[in-house]
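Here are a few short exercises on charged side-chain pairs. Work through each task with the structure open, then compare your steps with the solution.

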Amino acid sequence: MKNALTYLTRGCPRSCEYCALRDAKGIGPNLPTHKWCEAFTILKEIGVDFNLILGNETWLLGHKLVSIMSSNRVPYAIYTTCPEPLFSNFKDLYFRNKILDNLSCGMDYPVTVEVQELWDDSYKKSIDAWKGFTWIKENYPDVDTQGTITVHKKNIAYLPRLVKDLSDLGVFVGINFIHWNKDGNYDFFPSKEEISDLMFTEDWELNQVKAILEEVARIPNHLIQNPEFISQPVETLCNMGWHCKGNPYGGPTIDSDGHLRCCGYRRGKHTPEL
């Protein structure tokens with residue numbers, strides 16, 4: 001199976017603490033709409049079976065997204081953070097007219113409980129994602145929904161509640177772990193020094209992660225998409241041992257300026273066998 005990963009834009013209205021891509025450093029201007037339409041046609045021609053479409057914030061493309069997605073010929077998931085007023089302005093256009101058939105969001109905190117001493121964009125993003133999911137379930141219940149949780153030291157205690165809330169709402173759950181730019185090419189996250197307050201480094205912290213993941217695995221009727229991921233040793237999860245190290249998808253990873261990447265997290269020269 002050949003999967004593609006596509007960054008349509010590096011623009012984003014968010015300023016999440018652990019994101020290093022929002023400034024689009026070292027990346028050229030976005031491809032114009034007609035070039036993305038050509039690219040999406042080419043993905044089908046080279047045998048891509050699935051396209052994971054990332055942003056940073058895809059809905060910033062507004063009406064351009066209609067043209068781009070009309071050129072898509074393969075199954076896909078498309079990421080948004082449901083920012084306002086973009087979400088209110090375009091939600092009916094995209095879903096009523098079947099421009100989009102899924103809603104995939106990052107959601108790092110539950111909104112059904114009070115999160116203490118935290119009010120940064122990753123929490124605001126979670127609030128907007130929850131509003132988006134509930135709106136979709138009420139208005140377009142046939143639309144697929146998925147929430148991706150990036151686990152780190154500030155949200156690990158909330159993980160069981162968040163997995164349960166999303167699963168109870170009928171939202172599939174993806175779980176990922178924080179990582180860092182260890183060699184200058186993992187450009188999705190900042191350096192270890194910049195996000196040290198988010199990382200698990202002490203033995204007692206790793207033991208806490210292990211216990212919480214075991215609790216998560218026992219949640220009845222959970223909708224975790226990758227339960228095998230959280231069954232790995234915590235040292236692997238917390239120290240980037242899970243990373244693909246290149247070509248995880250079988251197809252191309254395309255940056256917003258049209259250049260190929262090694263993978264979604266990593267710049268590089270790697271070109272997949274097509």
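**Exercise 1.** Is R161 buried, partly exposed or exposed? Then set R161 beside its salt-bridge partner.

*Solution.* Keep in mind that this is a predicted model. Start with the accessibility: R161 has a relative accessible area of 37%. Buried requires under 20% and exposed requires over 50%, so R161 is partly exposed. Next, find the partner: R161 forms a salt bridge with D165, with the closest N and O atoms 3.1 Å apart. D165 has a relative accessible area of 9%, so D165 is buried. Finally, look at the spacing: R161 and D165 lie four residues apart in helix α5 (residues 159-169), which means about one helical turn separates them.

**Exercise 2.** Work out where the salt bridge between D255 and R10 sits along the chain.

*Solution.* First check the contact: the closest N and O atoms of D255 and R10 are 2.8 Å apart. Then place each end: D255 is in the loop between β7 (250-254) and β8 (260-261), and R10 is in the loop between β1 (3-7) and α1 (33-45). The pair is 245 residues apart and links distant parts of the chain. Last, test burial: D255 is buried at 5% relative accessibility, and R10 is buried at 3%.

**Exercise 3.** Which helix holds both K210 and E214, and which residues are joined in a salt-bridge network?

*Solution.* K210 and E214 meet in a salt bridge of 2.7 Å, N to O. Both lie in helix α6 (residues 203-217), four residues apart. Turning to the network, shared partners join R10, D187, D255 and R261.

How values were computed:
Residues are numbered from 1 along each chain as its sequence is written. This is a predicted model: local features need pLDDT of at least 70, side-chain atom pairs count only at pLDDT 80 or more; totals for chains, interfaces and linings use all residues. Side-chain values use heavy atoms; hydrogens and water are left out. A salt bridge is a side-chain nitrogen of Lys or Arg within 4 Å of a carboxyl oxygen of Asp or Glu. Helices (H or I, at least four residues) and strands (E, at least two) are DSSP runs, numbered from the N terminus. Buried means under 20% relative accessible area, exposed over 50%, partly exposed in between (1.4 Å probe, protein chains only).
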